[in-house]
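Me: I'd like to learn how to read a helical model, one feature at a time. Can we start with the vocabulary and then go through the cases?

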Amino acid sequence: MAHGEVLGFEEYVRNRQEALLRSARRLVPDPIDAQDLLQTALVRTYGRWDGIADKSLADAYLRRVMINTRTEWWRARRLEEIPTEQLPDDARVDDGSEQRADRALLMDVLKVLAPKQRSVVVLRHWEQMSTEETAAALGMSAGTVKSTLHRALARLRQELESRDLDARALERAEARRERERDGRGRERCAA
């Protein structure tokens, strides 16, 4: 690669790395994995940088590399369960902000989607790409993007409703236990 191309790539990375890291963070839930994903995508893109004639399409190219890399990782993952005595507390909210809690819930709910569905949702709703841009970035037809998005959003709604029902059932059970405790306490006082 020519020296000018190297400088162009370095400048591109300096200017776009925050936005690209946000995209990577939306594709994989763990911040460390998102950094690894972006770094891997940048290394792969660096080798082909001089082949990208229209540098205004570099973001789309890099997002596609990130999606392909994430898919490779997903396919190669090893499914191992490690039993533990306690369940991890992944639902912590450090600053108590409702917005951060909603974002964490959404990132958690996105895990139920298949990689292809997750990619479509991220590109259409977070990256605010058009149907045609999403189709081009993912190498599929606009109709496939629309149907995939429709199924993905239906699945997300179903998951959110299920979680809401579970939460309400838990609240009812806790209220019932509290009433039972109160009833036993009154019986003891009367005796």
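Reply: Sure. Helices are DSSP runs of H or I with at least four residues, strands are runs of E with at least two, and both are numbered from the N terminus. With that, Gln117 can be placed in helix α5. One caveat up front: this is a predicted model, where local features need pLDDT of at least 70, side-chain atom pairs count only at pLDDT 80 or more, and totals for chains, interfaces and linings use all residues. Residues are numbered from 1 along each chain as its sequence is written, and side-chain values use heavy atoms, with hydrogens and water left out.

Me: How many helices and strands does the chain have?

Reply: Seven helices and zero strands. Read from the N terminus, the elements go α-α-α-α-α-α-α.

Me: Back to Gln117: is it buried or exposed?

Reply: Buried means under 20% relative accessible area, exposed means over 50%, and partly exposed is in between, using a 1.4 Å probe and protein chains only. Gln117 has a relative accessible area of 17%, so it is buried. Over the chain, 29% of the 191 residues are buried.

Me: Which residues is Gln117 in contact with, leaving aside neighbours within four places in sequence?

Reply: Contact means heavy atoms within 4.5 Å. On that basis Gln117 touches Thr148, Arg151 and Ala152, with neighbours within four places in sequence left aside. For the chain, take the contacts between residues at least 6 apart in sequence: 64% of them join residues at least 24 apart.

Me: What about the largest nonpolar core?

Reply: A nonpolar core is a set of buried Ala, Val, Leu, Ile, Met, Phe, Trp, Tyr and Cys residues joined through side-chain atoms within 4.5 Å. The largest one here has 36 residues, and Tyr12, Leu38, Leu62 and Met66 have the most contacts inside it. Helices α1 (3-27), α2, α3, α4 (98-110), α5 (115-126), α6 (131-138) and α7 (142-190) each supply at least two of its residues. The top contributor is α1, with six. As for Leu38, its contacts beyond four places in sequence are Gln17, Leu20, Leu21, Ala24, Leu62 and Met66.

Me: How do I describe two packed helices?

Reply: You give the angle between their axes and the distance between the axes. Axes are lines fitted to C-alpha atoms, for helices over the stretch in contact, and angles run from 0 to 180 degrees between N-to-C directions. Try α2 (residues 31-46) and α3 (residues 58-76): their axes come within 9 Å and cross at roughly 120°. That makes α2 oblique to α3; angles under 35 degrees count as roughly parallel, over 145 as roughly antiparallel, 65 to 115 as roughly perpendicular, and the rest as oblique.

Me: Which pair packs at about 135°?

Reply: That's α5 and α6, with axes 9 Å apart. So α5 is oblique to α6. In α5, Ser119, Val120, Leu123 and Arg124 meet Thr131, Thr134, Ala137 and Leu138 in α6.

Me: Where does Gln128 lie, and what is its phi?

Reply: Most residues other than glycine have a negative phi. Gln128 is not a glycine, yet its phi is positive, about 55°. Gln128 sits in the loop between α5 and α6, and its 65% relative accessibility makes it exposed.
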